[in-house]
Amino acid sequence: MELVGVVGGGTMGAGIAEVCAKAGSEVIVLETSEEFAAKALERVTTSINKGVARGKITQEDADAAVARVRVTTDMADLADRDLVIEAAPEIESLKADIFAKLDAVVKPGAILATNTSSLAVIKMAQATSRPGQVVGVHFFNPVPVMPLVEVISALTTDEEAANVVYDYVKNTLGKTAVRAGDRAGFIVNALLIPYLCQAVRMLESGYATKEDIDDAMKGGCGYPMGPLTLLDTVGLDVALNAAQSLYDEFAEPHLAPPSLLRRMVDAGRLGRKTGEGFYSYK
């Protein structure tokens, strides 16, 4: 995995590019415009340099990592990659289209991975002529800080491809790698999203205030942040998509996204990234 491509240079894509570059891989980040590509490179550079200020990485190593990252708007530049990780928005049709195009461009034998947090990996695999080389690789936000990565095998994924990705995540990137089956939510979100949605229902029904819900879970369960603060951090749109995927797959009433969560997403109150969610960050 010396040559890595990342599709999408937003928060997740830039974070993935950063950890791969710091681990020694040569990384190309694909974006849809020159403006977005420049912003992606700025995200990576800024984050790496913050590590220097915090004593996490030397200036020499930081400069070397930044030099291993370049950006492009031409998918053809990913043709020689050993591994390409898609980090586009959680829209199934968009991701499937990306995988179909990657399949036509990236060299035979290369592994195509999706960073989806909730969609079925098989949907992306079936958009290609190499379903055995399509793997789920779910990083968590913020990628440089969070230690966990879920490696997901679809029904069609070759064991060797999954093992290669697992080894790269664990031994090269130094992450905690866990394996999961291709079911909605995988491991973490299958357990986490119902809990977050129940917190929203509590607030919506007037059962408790947002502050008391968050304080109760921090003080009573030892969690580092309460569920509503966590939703703001994750992004309410991301949580809504994950909840909808769980409900679509399992059709259990308690998995249905709460109305308040839907309305907040409709209002553009997505949490920290928009400055307004359950709490204000303006």
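Here is a short conversation about strands, salt bridges and one annotated domain in a predicted model.

Biologist: Let's start with strand S5; which of its residues point the same way as Ile111?

Modeller: In a regular strand the side chains alternate between the two faces of the sheet. Strand S5 covers residues 111–114, and Leu112 and Thr114 point the other way from Ile111. The residue that shares the direction of Ile111 is Ala113.

Biologist: Which residue in S5 stands opposite Leu83?

Modeller: Strand S4 (residues 83–86) and S5 run parallel, joined by 4 bridges. Within that pairing, the residue opposite Leu83 is Ile111.

Biologist: And on the S6 side, which residue stands opposite Thr114?

Modeller: S5 also pairs with strand S6 (residues 134–139), again in the parallel sense, over 3 bridges. Thr114 is buried. Its counterpart in S6 is Gly136.

Biologist: Good, now the connection; which helix joins S4 and S5 in a β-α-β unit, and what is the hand of that unit?

Modeller: The helix is H4, spanning residues 92–105. Together, S4, H4 and S5 make a unit whose hand is right-handed.

Biologist: Turning to charges, why does the pair of Lys107 and Asp82 tie together separate parts of the chain, and how many residues apart are those parts?

Modeller: Side chains of opposite charge can pair when their charged atoms come close. Lys107 and Asp82 meet in a salt bridge, at 2.8 Å from N to O. Lys107 sits in the loop between H4 and S5, while Asp82 sits in the loop between strand S3 (69–72) and S4, so the parts they tie together are apart in sequence by 25 residues.

Biologist: Is Asp82 buried or partly exposed, and what is its relative accessible area?

Modeller: Its partner Lys107 is partly exposed, with a relative accessible area of 31%. The cut-off for buried is under 20%. Asp82 therefore counts as buried, with a relative accessible area of 19%.

Biologist: Which residue is linked with Glu90 and Lys95 in a network of salt bridges?

Modeller: The side chains of Glu90 and Lys95 meet at 3.2 Å, N to O. Glu90 is buried at 17% relative accessibility, and Lys95 is buried at 0%. The residue that joins them in the network is Glu86.

Biologist: Finally, how far apart are the end C-alpha atoms of residues 185–281?

Modeller: An unreviewed UniProt entry places the feature "domain: 3-hydroxyacyl-CoA dehydrogenase C-terminal" at these residues. In the model, the span is 63% helix and 0% strand. Its end C-alpha atoms are separated by 28 Å.

Note on methods: Residues numbered from 1 in each chain as written. Predicted model: local features only at pLDDT ≥ 70, side-chain atom pairs only at ≥ 80, totals over all residues. Heavy atoms only, no water. Buried < 20%, exposed > 50% of the residue type's maximum accessible area, 1.4 Å probe, protein only. Helix = DSSP H or I, 4+ residues; strand = E, 2+ residues; numbered from the N terminus. Pairing = 2+ DSSP bridges. Right-handed = clockwise from strand over helix to strand, strands pointing away. UniProt positions renumbered as here; feature names shortened; annotations may be inferred. Salt bridge = Lys/Arg side-chain N within 4 Å of Asp/Glu carboxyl O.
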